[in-house]
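The following exercises concern surface patches, buried charge and aromatic pairing. Please work through each task before reading its solution.

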Amino acid sequence: MSFSLTGKLVVAISSRALFDFEEENRIFESTDDSAYMKLQLERLSKAAQTGVAFPLVKKLLAFNEEGEQRVEVVILSRNDPVSGLRVFRSAEHHGLHLERGVFTRGRPPYHYLRSLKANLFLSANEDDVRATIDAGFPAARVYPESSKTAESHPNEIRIAFDGDAVLFSDEAEQVFQKKGLEAFVDHESKKADIPLPPGPFKPLLEALHRLQRSTSEKGMRIRTALVTARSAPAHERAIRTLMAWGIDVDEAMFLGGLTKSEFLREFEPDFFFDDQTGHCQSAATVAPTGHVVSGVSNRPKA
């Protein structure tokens, strides 16, 4: 029977993002893949503990109702196929209905994202995330040690995004890093009416927007937030850009240098995406966090 991913929100996720395989990963990094495979096979009947992205995946799958599959979650992993057995068994143990997976045994897995029509790839491997973003797909490196406390609001998914280099391009961030805050504010004020070029996560925001419109008021809901270091008057270009895209966000926080983690603690996101490691490390203490390896802040230093 044929199956189509067209029109669905497709999330590809690595095994380490979905489950806690940190101990097994240490074995892999300190020895070789054969020792890792042996350990995974020995633990085949032992379900792995849930990982940082598990609550998000569980909520996303709740959008699927009888006769209406809106979301598809696919395991996309550097694991070998034998280790993949434990991933699927762990998913079944924890009540996740996952049917599809691609296991590449060390080969970069991002090559399969186009075939999967993926709207997001979550991985603990920074190289894979960087390659995925370079290939034109939204991706983030999860922080396995992130807080998993944001599991409230069972009927609502809450996603928070940084702006520059995440939802938007890093055009303005480049000005800030080269010329400073005053030049940045002047640049954004003069271009307030000109929409920012899209960043790597615009496709995900669009997919969430479509999913939000396709659901009933009684079903699962989506709540989005823009959490940015911008402040007035640079806020205007960000808002006008979203308006030009025809996309609404439910909340917008223009913090002007205030610590994002305190505001994320109140918003309680199921995931937060930011391009700067400092913000990610702080955010990870209060919410599941993904590092978007994109833009000028993530370019190799000369």
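**Exercise 1.** Determine which residues make the nonpolar surface patch of about 250 Å².

*Solution.* In this predicted model, the patch is made by L41, V82 and L85. L41 can be placed further: it lies in helix α3, residues 33-42.

**Exercise 2.** Establish where D275 is found and which side chain of opposite charge is nearest to D275.

*Solution.* Step 1: D275 is in the loop between β9 (271-274) and α13 (277-283). Step 2: the nearest side chain of opposite charge belongs to K260, 6.1 Å away. Step 3: a salt bridge requires a nitrogen-to-oxygen distance within 4 Å, so this criterion is the one to apply. D275 has no salt bridge, although D275 is buried. Step 4: leaving aside neighbours within four places in sequence, the contacts of D275 include D162, D164, H291, S294 and N298.

**Exercise 3.** State how many aromatic pairs the structure holds, and classify the pair of F161 and F201.

*Solution.* Step 1: there are nine aromatic pairs. Step 2: the rings of F161 and F201 are 6.3 Å apart, centre to centre, with 65° between the planes, and form an edge-to-face pair. Step 3: the pair links distant parts of the chain, with F161 in strand β6 (residues 156-161) and F201 in the loop between α9 (181-190) and α10 (202-214), 40 residues apart. Step 4: both F161 and F201 are buried.

**Exercise 4.** Explain why the pair of F176 and F184 is edge-to-face.

*Solution.* The ring centres of F176 and F184 are 6.1 Å apart and the planes stand at 80°, so the pair is edge-to-face. Planes over 60 degrees apart satisfy that class. F176 counts as partly exposed at 35% relative accessibility, whereas F184 is buried at 8%.

How values were computed. Residues are numbered from 1 along each chain as its sequence is written. This is a predicted model: local features need pLDDT of at least 70, side-chain atom pairs count only at pLDDT 80 or more; totals for chains, interfaces and linings use all residues. Side-chain values use heavy atoms; hydrogens and water are left out. Patches are made of residues with over 30% relative accessible area and no salt bridge: like charges are joined within 9 Å, nonpolar side chains (Val, Leu, Ile, Met, Phe, Trp, Tyr) within 5 Å. Accessible areas come from the Shrake-Rupley method with a 1.4 Å probe; for residues, only the protein chains shown count as cover. Helices (H or I, at least four residues) and strands (E, at least two) are DSSP runs, numbered from the N terminus. Buried means under 20% relative accessible area, exposed over 50%, partly exposed in between (1.4 Å probe, protein chains only). Lys and Arg count as positive and Asp and Glu as negative; His and the chain ends are not counted. Contact means heavy atoms within 4.5 Å. Rings of Phe, Tyr and Trp (its six-membered ring) pair if their centres lie within 6.5 Å; planes under 30 degrees apart count as stacked, over 60 as edge-to-face and the rest as tilted.
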